[in-house]
Amino acid sequence: QVQLVESGGGLVQPGGSLRLSCAASGSIFSIYAMGWYRQAPGKQRELVAAITSGGNTNYADSVKGRFTISRDNAKNTVHLQMNSLKPEDTAVYYCNADLTTTRGTRNNYWGQGTQVTVSS
């Protein structure tokens with residue numbers, strides 16, 4: 001089985017920074033892409049940032065220039081450095097991984113989510 005465990009959420013003032021981390025473990029053969037999504041109350045889940053195994057990145061327009069995604073392929077981890085946080089960044093942030101298991105099954109896996117609250 002596969003598990004994604006997130007850490008690093010919390011409460012921060014506007015303009016502050018947070019770093020989210022996600023570690024994938026279990027019966028993993030290969031991870032193609034990892035990313036972060038978020039869901040605010042009453043809104044749909046949206047892509048925040050994603051990174052491929054080759055290092056190609058994709059960001060939502062709303063976070064470009066403020067957030068940076070990075071990945072350690074050897075450790076199956078992904079990080080999201082969030083700077084200049086705004087109240088509208090408040091949401092539950094979910095880690096996602098597109099991977100193939102040791103049984104040869106390719107699927108998307110999700111973490112349980114970590115709350116990020118930006119408020120004074």
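Colleague: In which loop does S84 lie?
Modeller: Keep in mind that this is a predicted model. S84 belongs to no strand here; look at the stretch between two strands. The loop with S84 is the one between β8 and β9.

Colleague: What is the phi of S84 near?
Modeller: S84 is a residue other than glycine. Its phi is still positive. The value is near 50°.

Colleague: Is S84 buried, partly exposed or exposed?
Modeller: The relative accessibility of S84 is 40%. Buried needs under 20%, and exposed needs over 50%. S84 falls in between, so it counts as partly exposed.

Colleague: Which residue in the loop between β7 and β8 has a positive phi although it is not a glycine?
Modeller: Look at the loop between β7 (67–72) and β8. One residue there has a phi of about 55°. Its relative accessibility is 23%, so it counts as partly exposed. The residue is N76.

Colleague: How far apart in space are A74 and A40, C-alpha to C-alpha?
Modeller: A74 is found in the loop between β7 and β8. A74 is exposed, with a relative accessible area of 74%. Along the sequence, A74 and A40 are 34 residues apart. In space, C-alpha to C-alpha, the separation is 32 Å.

Colleague: Is T77 buried or exposed?
Modeller: T77 sits in strand β8, which spans residues 77–82. Leaving aside neighbours within four places in sequence, T77 is in contact with residues including C22, M34 and D72. Its relative accessibility is 13%, and the limit for buried is under 20%. T77 therefore counts as buried.

Colleague: How many helices and strands does the protein have?
Modeller: Read the elements from the N terminus on. The order is β-β-β-β-β-β-β-β-β-β-β. The count is 0 helices and 11 strands.

Colleague: What is the radius of gyration of the protein?
Modeller: For 120 residues, the globule rule gives 14 Å. The protein comes close to that, so it is as compact as a globular protein of that length. Its radius of gyration is 14 Å.

Colleague: What share of the contacts with a separation of 6 or more comes from residues 24 or more positions apart?
Modeller: Start with contacts that have a separation of 6 or more. Then pick out those between residues 24 or more positions apart. They account for 55%.

Colleague: Which residues form a disulfide?
Modeller: A disulfide is a covalent bond between the sulfur atoms of two cysteines. A search of the whole structure finds 1. The two sulfur atoms are 2.1 Å apart, and the cut-off is within 2.5 Å. The pair is C22 and C95.

Colleague: How many residues apart are C22 and C95?
Modeller: C22 is in strand β3 (residues 18–26), and C95 is in strand β9 (residues 91–101). The pair links distant parts of the chain. Both C22 and C95 are buried. Along the chain they are 73 residues apart.

Colleague: What is the angle about the S-S bond of C22 and C95?
Modeller: The link of C22 and C95 is left-handed. The angle about its S-S bond is -80°.

Colleague: How far apart are the C-alpha atoms of A91 and V118?
Modeller: A91 is placed in strand β9. With 2% relative accessibility, A91 counts as buried. Residues up to four places away aside, A91 touches several others, among them R38, Q39 and V116. V118 is 27 residues from A91 along the chain, and their C-alpha atoms are separated by 8.9 Å.

Colleague: What separates the C-alpha atoms of Y32 and A97?
Modeller: Y32 lies in strand β4 (residues 28–39). At 31% relative accessibility, Y32 counts as partly exposed. Beyond four places in sequence, its contacts include I51, R71 and R106. A97 is 65 residues from Y32 along the chain, yet their C-alpha atoms are separated by 7.6 Å.

Colleague: How far apart do the centres of the positive and negative side chains lie?
Modeller: The protein has 11 positive side chains and 7 negative ones. Each set has its own centre. The two centres lie apart by 3 Å.

Notes
Residues numbered from 1 in each chain as written. Predicted model: local features only at pLDDT ≥ 70, side-chain atom pairs only at ≥ 80, totals over all residues. Heavy atoms only, no water. Helix = DSSP H or I, 4+ residues; strand = E, 2+ residues; numbered from the N terminus. Buried < 20%, exposed > 50% of the residue type's maximum accessible area, 1.4 Å probe, protein only. Contact = heavy atoms within 4.5 Å. Rg over C-alpha atoms; globule rule 2.2 N^0.38 Å. Lys, Arg positive; Asp, Glu negative; His and termini not counted. Charge placed at Lys NZ, Arg CZ, Asp CG, Glu CD.
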